[in-house]
Amino acid sequence: MEETDHEDSSRDPLPCQDLVDLENQHGAHNYHPLDVVIERAEGVWVYDVDGKRYLDCLAAYSAVNQGHCHPKILATLHEQAAKVTLTSRAFRNDQLPCSARISTTSPAMTWCSHELRHRAVETALKTARKWGYKVKGIPEGQAEIIVCSGNFHGRTITIVGFSSDDQYRDGFGPFAPGFKIIPYGDIDALRHAITPNTCAFLVEPIQGEAGIQIPPAGFLRQAAELCRENRVLLMADEIQSGLGRTGKLFAYMHEGITPDVLIVGKALAGGFYPVSAVLASREILGVFKSGDHGSTFGGNPLGCAIARTACAS
Ligand SMILES: *Cc1c(COP(=O)(O)O)cnc(C)c1O
């Protein structure tokens, strides 16, 4: 863009259609958004560049469950951003012990791995495999993880490799082996899929992206029993269903069970910052030794401070 253009555009906001055209010309077309250009938001309302108000019924796929620009979370963002935002995990920071707060939101979860967005499911898969080899004694390279048809766990190559949606996979192979897909909600299929090499069953207690699919009553409870009987980790992906979305703190609580591994994200930081986390017992997350796993932005003080306020808001 020429300098004069830039100066003009900073003085005079571009009209809606120009913004749409600019984005279409220069951005990758991996989304097909509505041509509403949002400029600001508050609570349940969003406002476009012409000042038109809309009721937001999407809430960023549940990432802003607390409402847009929640004042308490905003205050924390301002406060922490002016103090320190990133230390790397080579040092400690005073905000990271908020793990204790997040992990006590769910019983039996005492350890917590902090991840930037996208990373939590990958971390859970790595946890399950490592636990399978180091604790359960599965022969090296043989670990199996069971997942459900219609699943949505993210977009990394590992994860789309076990998607049952052709578009998510098309053109991205080859994929990682070691995953088995069963029909969602089918307890007999789960029973038959488990082998001595199964380390985990990864499941959304309610499938979000699949169109809000609720499994048959009792499925999660029976799945939890099967997992316990066979020493298989039950891993609940509550990135979308968790943190109050279903009327209880987590959707698994409707069936009175406790998963071995709980994956949270989205509303964890109220839309202010991409934060996700893996929660599990010390025995399970303790399989990671120093140097086994990491992330440049993981556990950063800004994300931790925001998550702590977002969970209390
Ligand atoms: C959104 C979502 C994810 C992926 O989160 P990203 O931040 O987009 O990587 C994983 N699991 C579930 C259930 C989700 O709804």
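Me: Why is Q240 called buried in this predicted model?

Reply: The relative accessible area of Q240 is 17%. Buried means under 20%, so Q240 falls in that class. Q240 is found in the loop between β8 (233-237) and β9 (261-264). Its C-alpha atom and that of P205 are separated by 9.7 Å, although the two residues are 35 residues apart along the chain.

Me: Why is C16 called buried, and why does C57 count as exposed?

Reply: C16 has a relative accessible area of 18%, and the buried class lies under 20%; C16 is therefore buried. C57 has 71% relative accessibility, and the exposed class lies over 50%, so C57 counts as exposed.

Me: How many disulfides does a search of the whole structure find?

Reply: The search finds zero. A disulfide would require a pair of cysteine sulfur atoms within 2.5 Å, so no pair in the structure meets that cut-off.

Me: Why is Y31 called exposed, and what patch does Y31 form with L58 and Y61?

Reply: Y31 has a relative accessible area of 60%; exposed means over 50%, so the term applies to Y31. Y31 lies in the loop between α2 (16-26) and β1 (38-42). Together with L58 and Y61, Y31 forms a nonpolar patch on the surface, with about 350 Å² of accessible area in total. Membership of a patch requires over 30% relative accessible area, and the 60% of Y31 satisfies that condition.

Me: What makes helix α12 (residues 301-311) mostly covered?

Reply: Nine of the 11 residues of α12 are buried, that is, under 20% relative accessible area. Among them are P301, L302, G303 and C304, and the list also includes I306 and T309.

Me: How do you know that N300 caps the N-terminal end of α12?

Reply: A side-chain oxygen of N300 lies 3.1 Å from the backbone nitrogen of L302. A polar contact needs N or O atoms within 3.5 Å, so this pair satisfies the distance limit.

Me: What makes strand β5 (residues 144-148) mostly covered, and which strands pair with β5?

Reply: Five of the five residues of β5 are buried. E144, I146 and C148 point one way, I145 and V147 the other way, and all are buried. Two strands pair if there are at least two bridges between them. β5 and β7 (residues 198-203) have three bridges in the parallel sense, so they qualify as paired; here E144 stands opposite T198. Four bridges join β5 to β6 (residues 179-182), also in parallel, so this pair qualifies too. V147 stands opposite I181 in β6.

Notes:
Residues numbered from 1 in each chain as written. Predicted model: local features only at pLDDT ≥ 70, side-chain atom pairs only at ≥ 80, totals over all residues. Heavy atoms only, no water. Patch = residues over 30% accessible without salt bridge, like charges linked within 9 Å, V, L, I, M, F, W, Y side chains within 5 Å. Areas by Shrake-Rupley, 256 points an atom, 1.4 Å probe, with all protein chains shown as cover. Salt bridge = Lys/Arg side-chain N within 4 Å of Asp/Glu carboxyl O. Helix = DSSP H or I, 4+ residues; strand = E, 2+ residues; numbered from the N terminus. Buried < 20%, exposed > 50% of the residue type's maximum accessible area, 1.4 Å probe, protein only. Polar contact = N/O pair within 3.5 Å; in protein donor to acceptor, adjacent residues only side chain to side chain.
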